[in-house]
Amino acid sequence: MIELVYVDPSGTIPISLTGKFCRMNCAHCGGHYLSHMKTLQEMDRLAKEGHRSFLISGGLEKDFLVPFKRHLNQLRHLKETYELSYNFHVGFPQSPIQELEGLADVVSFDFFANSEVMEIVYGFSVEPGKILDAVTRTKVFAVPHITVGILEGHISHEYEALKMLSELFNTVVLNVFVPTPGTRFSQALPPDLSQVKELFSYAAENFENIILGCMQPRGEYRRSLQQSVKDFVSVIVKPAFKVDFDFKGCCALWLAKSRVEVVKHVR
């Protein structure tokens, strides 16, 4: 396990390839988080201003992917021109995403072990094995993410997801569900902290490195959360207490740049 690292994600600029639009209107997001992102059209200006790290994301299309394929040439040109770093948040691939080989510094993917839970949250489901097969057959640095309590603040598929991922990965990012205004889950509460602590403890028994990701409820909950799980994690993103940051940017990019081993077996 690596020594505790503190990460400030503001060093990576989030880009939505679909603007503020997402056709899915998922229960936990409802497109809310896209409204704060920059657009592809702004990337040239941002790069000229000195920004070098970007999260490439956006709303999902009918194939359950962010539509990165239609923008590959422009993204490659920008990367080569300004020597940019990319974290691709791809969605839910069902076949290898070979188009990102040589372009993505890292791919971040959300994982559900239970199709029924995923159906409730997203309105669609993808077989867990298909996602894992697609990612592991792609020659790109990939980091799995789980949102703890995503089913309206309840622990549901998370233990099963950790078990499945632990067979392939040494490292996992654990986010924590945030009730978001204007969404179908807006009236839910964040997951019970004692249950969250138990889950992180279980994760620490099965992974070399656990990252507390950037999605965390604010205020006292965040402070209590970080205090509860600090003994189980390698990285804390958005620390609630004053510290000197070890890295400014996406935690997944820190993993890639630090050459932390994420996958257990050589593909």
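Mentor: A residue counts as buried under 20% relative accessible area, as exposed over 50%, and as partly exposed in between (1.4 Å probe, protein chains only). The model is predicted, so local features need pLDDT of at least 70 and side-chain atom pairs pLDDT 80 or more, while totals for chains, interfaces and linings use all residues. Residues are numbered from 1 along each chain as its sequence is written, and side-chain values use heavy atoms, without hydrogens and water.

Trainee: Why is tyrosine 6 called buried?

Mentor: Tyrosine 6 has a relative accessible area of 18%, and the limit for buried is under 20%. Therefore tyrosine 6 counts as buried.

Trainee: What makes phenylalanine 241 partly exposed?

Mentor: Its relative accessibility is 38%. That value falls between the two limits, so phenylalanine 241 is partly exposed.

Trainee: Why is the pair of tyrosine 6 and phenylalanine 241 called edge-to-face?

Mentor: Rings of Phe, Tyr and Trp (its six-membered ring) pair if their centres lie within 6.5 Å; planes under 30 degrees apart are stacked, over 60 edge-to-face, and the rest tilted. Here the centres are 5.8 Å apart and the planes stand at 90°, so the pair is edge-to-face.

Trainee: Where in the chain do the two partners, tyrosine 6 and phenylalanine 241, lie?

Mentor: Tyrosine 6 belongs to strand β1 (residues 5-8), and phenylalanine 241 to the loop between β10 (235-237) and β11 (247-248). The partners are 235 residues apart, so the pair links distant parts of the chain. Strands are DSSP runs of E with at least two residues, helices runs of H or I with at least four, numbered from the N terminus.

Trainee: Why is the pair of tyrosine 122 and phenylalanine 124 called tilted?

Mentor: The ring centres are 5.5 Å apart and the planes are at 55°, so this pair is tilted. Tyrosine 122 is buried at 8%, and phenylalanine 124 is buried at 6%. Both residues belong to one aromatic cluster with Phe64, Phe92 and Phe112.

Trainee: What is said of the backbone at phenylalanine 64?

Mentor: Phenylalanine 64 has a positive phi of about 70° although it is not a glycine. This residue lies in the loop between β4 (53-57) and α2 (72-82), and its 17% relative accessible area makes it buried.

Trainee: How do you know that lysine 79 lies over the face of tyrosine 86?

Mentor: The rule asks for NZ of Lys or CZ of Arg within 6 Å of the ring centre and within 35 degrees of the ring normal. Lysine 79 is placed over the face of tyrosine 86, at 5.1 Å from the ring centre.
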